[in-house]
Amino acid sequence: MSTTPGRDTVLCISLAGRPGTFGVRFHNHLYQQLGLDFYYKAMRTDDLPAAVAGIRALGIRGCGVSMPYKEACMALVDEIDPSAAAIESVNTLVNTNGRLTAYNTDYLAVRQLLTRHQVDPATAFALRGSGGMAKAVASALRDAGFAEGTIVARNAQAGQQLADMCGYRWLPELGDICPPMLVNVTPIGMAGGAEAEELAFSDIAIAAAERVFDVVAMPAQTPLIRRAQALGKPVITGLEVIALQALEQFVLYTGVRPTPAQVDAAVAYARDI
């Protein structure tokens, strides 16, 4: 990767309501280490159809898709990979000669992490959230054999739809229920957000839980993760999710799979801000 992209440099981008720096640093670090003439840039838009048309027209190779665009992208592409079709949510677009294919590497990352952390599918859970990322996580849990789950969402329509889609129940609030695993898939705890210092679940629920999973990646040590670790609970962090999903995006864009050591170096570089 050149520090100044040239005429033949392949461009990849991300679209997010609140663009971050992790993907930019992760991808560009790997491009440089592997000698690939690619460049990655984070963007936001108020006109998603025009932005997606620009990806197609300008030959942008790949695009990471974050909130709030994950579901709206579905109608704007030519082909939908099963990883995205099954959950009606997109986080990756790949442009092949003007033809756009949509994927969901969030789903793939969560499936890998459930296996890596050896989470027993018999574990009951409560998942807070109902957006595109919540669909990916809930679907990954469903497909990994987790049969007993509760979707916690204040948006009754979205929460009930997600619960129905995955075969779980919906509640507007967790209340006094204390399931063995808590999963946060909302912006609560996200750095720079209005709820950056808040907990996604009550102290009582966290104390009773056997495991905590927070999809928020920045910071890696969210208030929820810090509280769970202080109580000695096993955790799965959003940093793990974002690293795995970014790796799968990188492979889709470039056709190259870095070594684990190269990925670890890229994650360390992306976090060093």
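This is a short walk through a predicted model, from its domains to its cores, its rings and one buried asparagine.

Start with the overall division. The domain assignment gives two domains. Domain 1 covers residues 8-102 together with 239-269, while domain 2 covers 106-235. Domain 1 is thus written as two segments, with the range of domain 2 lying between them in sequence. Taken over C-alpha atoms, the domain centres are separated by 24 Å. The two domains also meet. On the domain 1 side, 18 residues are in contact with 25 residues of domain 2.

Next, the nonpolar interior. The largest nonpolar core holds 30 residues. Five of them touch the most other members: Leu 127, Val 137, Leu 141, Phe 146 and Val 185. Several elements give two or more residues to this core. They are helix 4 (105-116), strand 7, helix 5 (132-143), helix 6, strand 10 (181-184) and helix 9 (238-254). Which element gives the most? Helix 5 does, with 7 residues. The core is not confined to one domain. Domain 1 and domain 2 each supply at least three of its residues.

Val 137 shows how such a residue is surrounded. Set aside its neighbours within four places in sequence, and Val 137 is in contact with Val 110, Leu 127, Val 183, Val 185 and Val 215. Two of these partners, Leu 127 and Val 185, are themselves listed with Val 137 among the residues that touch the most other core members. Apart from this core lies another, of 24 residues. Its members include Val 94, Ala 243, Leu 247 and Ala 270.

Now the aromatic rings. The model has 5 aromatic pairs. One joins Tyr 31 and Phe 38. Their ring centres are 5.2 Å apart, and the planes make an angle of 35 degrees, so the pair falls between the 30 degree limit for stacked and the 60 degree limit for edge-to-face, and counts as tilted. Both residues are buried: Tyr 31 has 0% relative accessibility, and Phe 38 has a relative accessible area of 12%. Ring pairs also bring in Phe 250, linking it with Tyr 31 and Phe 38 into a cluster.

A second pair has another geometry. Phe 125 and Tyr 168 are edge-to-face, at 5.0 Å centre to centre and 85 degrees between the planes. What does this pair tie together? Phe 125 lies in strand 7 (residues 125-128), and Tyr 168 sits in the loop between helix 6 (156-166) and strand 9 (169-171), so the pair connects parts 43 residues apart in sequence. Phe 125 is buried, with 1% relative accessible area. Tyr 168 is buried too, at 7%.

One ring has a charged partner. Arg 25 lies over the face of Tyr 269, at 4.2 Å from the ring centre.

Finally, look at Asn 95. This residue lies in strand 5 (residues 92-96). Is Asn 95 buried or exposed? Its relative accessible area is 5%, under the 20% limit, so Asn 95 counts as buried. Its side chain makes polar contacts with backbone atoms. One reaches the backbone oxygen of Ile 55 at 3.0 Å. Another reaches the backbone nitrogen of Gly 98 at 2.8 Å. Beyond residues up to four places away in sequence, Asn 95 touches Ile 55, Arg 56, Gly 59, Ile 60, Arg 61 and Leu 100. Ile 55 therefore appears twice around this side chain's residue: as a touching neighbour and as the owner of the backbone oxygen that the Asn 95 side chain reaches.

Terms used:
Residues numbered from 1 in each chain as written. Predicted model: local features only at pLDDT ≥ 70, side-chain atom pairs only at ≥ 80, totals over all residues. Heavy atoms only, no water. Phe/Tyr/Trp six-rings, centres within 6.5 Å; stacked < 30°, edge-to-face > 60°. Buried < 20%, exposed > 50% of the residue type's maximum accessible area, 1.4 Å probe, protein only. Helix = DSSP H or I, 4+ residues; strand = E, 2+ residues; numbered from the N terminus. Lys NZ or Arg CZ within 6 Å of the ring centre and 35° of its normal. Core = buried A, V, L, I, M, F, W, Y, C linked by side-chain atoms within 4.5 Å. Domains from an automatic or database assignment. Contact = heavy atoms within 4.5 Å. Polar contact = N/O pair within 3.5 Å; in protein donor to acceptor, adjacent residues only side chain to side chain.
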